[in-house]
Amino acid sequence: MGAAGALCWRLLPVLLAVHRAAGARPCSPKYFGRDAMVCVCNATYCDTLDPLVLPAHGYYVKYESSKAGKRLERSEGKFLHKLCAPDVVLRLDTTQRFQRVKGFGGSITDAAAINILSLPERAQDHLLRSYFSEEGLEYNLIRLPMASCDFSLHAYTYDDVPYDYELTHFALRDEDTKLKIPLLHRASAMSKRPLSLYASPWTSPTWLKTSESYVGKGTLKGQAGDKYHKTWANYFVRFLDEYAKHNVTFWAVTAENEPTAGLINNYPFQCLGFTAEQQRDFIARDLGPALANSSHRHVQLIILDDNRLHLPHWARVVLEDEQAARYVHGIGIHWYLDFIGPIQDTVLPTHELFPDYFILATEACIGAHFWERDVILGCWERGNQYSHSILTNLNHFVAGWTDWNLALDLEGGPNWVKNYVDSPIIVDSSEGIFYKQPMFYHMGHFSKFIPEGSQRVGLVASRESKKTALEYTAFLRPDGAVVVVVLNRSPQDITFGLADTVGLLAAVAPANSIQTYVWQRQ
């Protein structure tokens, strides 16, 4: 960098005077080793953000989180009309239009609900507000297991009375009426954005399964169109009916959580196996018609809900069948085997084959693999993994991203088969506190600023020849504002520029940081 260039960058801090808006409350930090920082919340204190206010024309706001300790720290700057050329300039190109966003969020499992409700009531409110309110991350997606999953205290379904093909004994459980539903109402009440709920079953009642067991290898008995499949399809409708009685309505259901799990011998927790062909036939003959002929015909249907390496094959099998395809709206993907199913070989060809069906990331967590530690408090690298996944997905036509458990305990549970994992919020109920981890703030760099209906647009690097370590994406919001997210996972600071019709801005992405920039174009 020449003398003039150095001068440009020396002027930079002048433009970035940080001002913490009056209402926002800073992180109360706690360290678990060097750079491993969480923000502590309790009944009396929790860090908050201000609602996003768009800056005046010609200005931008920047939010930054970093391994060095920033957590969604807000600053403002002014666009310039000329810029000494930094290493790379990212230029907005709104002629390139891609997918629209559905949203971001997490899952209310039995375990998440138990943990949230184990806190003092004021702390519970802080936790829910941290996720759903304007002073938090403004999540708009919530995934809900239909009955139990591994993150439950025991295995159960809504009709464990054998051979009840009429589902006369179908009933919600205490886990629904006392834990999950009250939390859904509270989240909804504090959210400015409309929440979109979607439900996924792990297992059917055992009497409908070849294995006669919640766990292990097993599919529905018989074949599509018969009483077993019809009963299981009607179970979905009954679930939606019962939740509606509690004033909870759903945007979508997935046909089955990880349908390939139930094809694996000795699978350790609740599952129900389907091949792509079996899912196609079940949807075409049973589930699709059952939903269409119910009062829930507006509820969307998502296929796969499993690792993306099954794509594009799974989508081809189901969606090339006219009878099945007419009932389907989207494709759900989990992140657990991403390292053996590159996105350009799986998601990209699926979008190209079936551009009218949305693709949504429906589950992700860290700690699920046997070689990973379950909970690592304050781990910045785990936040990086979340953002890297979200950016990669968004840049390949995925419409949103759903985290797994909203909150877990210090062990990464409860989980009845001890399949402990990490979570963006960890609850220590013995102390009445919870920890907001780096993953939480990484999620917020997307969820708070990219609302439903935003559309991804082009963001083009000036010098393609110069490989940059930066990862980035850009969106046009429904209100016309621009959002750019920039992730630097490298150990070096990286200088870059952002260019749009309003001007140019000179920026630095510090080592191990994530930034969100927002500005108005008009």
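In which strand is the place of Ser 66? Select residues 59-66 of this predicted model: they form strand E3, and Ser 66 belongs to that strand.

**Ser 66 and its surroundings**

Display Ser 66 with its side chain. The residue is buried, as its relative accessible area is 3%. Next, show Arg 71, Trp 380, Asn 512 and Ser 513, which Ser 66 contacts once its neighbours within four places in sequence are set aside.

**From Trp 380 to the helix pair**

Keep Trp 380 selected and extend the selection to residues 380-394, which make up helix H10. Then add helix H11, residues 438-447. The axes of H10 and H11 come within 7 Å and cross at roughly 25°. Because angles under 35 degrees count as roughly parallel, H10 is roughly parallel to H11. The crossing of H10 past H11 is right-handed.

To inspect the interface, colour the residues of H10 that meet H11, among them Trp 380, Tyr 386, Ile 390 and Leu 394. On the H11 side, the residues to colour are Pro 438, Met 439, His 442, Met 443 and Phe 446.

How many of the residues of H11 are buried? Ten of its ten residues are, and the helix is thus mostly covered. Polar residues appear in this set too, including His 442, His 445 and Ser 447.

**The sheet beneath H11**

Now select strands E2, E15 (425-428) and E16 (433-436): H11 lies across these three, running at about 55° to E16. They belong to an open sheet of five strands with mixed pairing, in the order E1-E2-E16-E15-E14. Strand E1 (29-31) and strand E14 (408-409) stand at the edges; each has a single partner strand, so one side of each lacks a neighbour in the sheet.

Zoom in on the E1 edge. E1 and E2 (residues 37-41) run antiparallel and are joined by three bridges. Here, Tyr 31 is found opposite Met 37 of E2.

**The nonpolar cores**

Finally, turn to Tyr 243 and Leu 319, the residues with the most contacts inside the largest nonpolar core, which has 135 residues. Helix H5 (residues 227-245) gives the most to this core, contributing eight residues.

Centre the view on Tyr 243. Leaving out residues up to four places away in sequence, Tyr 243 touches Leu 144, Tyr 158, Leu 172, Asp 176, Lys 180, Ile 181, Leu 184, Val 248 and Phe 250. A second core, separate from this one, has 24 residues; to locate it, select Tyr 60, Phe 79, Leu 498 and Ala 509, which are among its members.

Methods: Residues numbered from 1 in each chain as written. Predicted model: local features only at pLDDT ≥ 70, side-chain atom pairs only at ≥ 80, totals over all residues. Heavy atoms only, no water. Core = buried A, V, L, I, M, F, W, Y, C linked by side-chain atoms within 4.5 Å. Buried < 20%, exposed > 50% of the residue type's maximum accessible area, 1.4 Å probe, protein only. Helix = DSSP H or I, 4+ residues; strand = E, 2+ residues; numbered from the N terminus. Contact = heavy atoms within 4.5 Å. Pairing = 2+ DSSP bridges. Axes fitted to C-alpha atoms, helices over the stretch in contact; angles between N-to-C directions. Parallel < 35°, antiparallel > 145°, perpendicular 65-115°, else oblique. Left-handed = near helix turned anticlockwise from the far one by under 90°.
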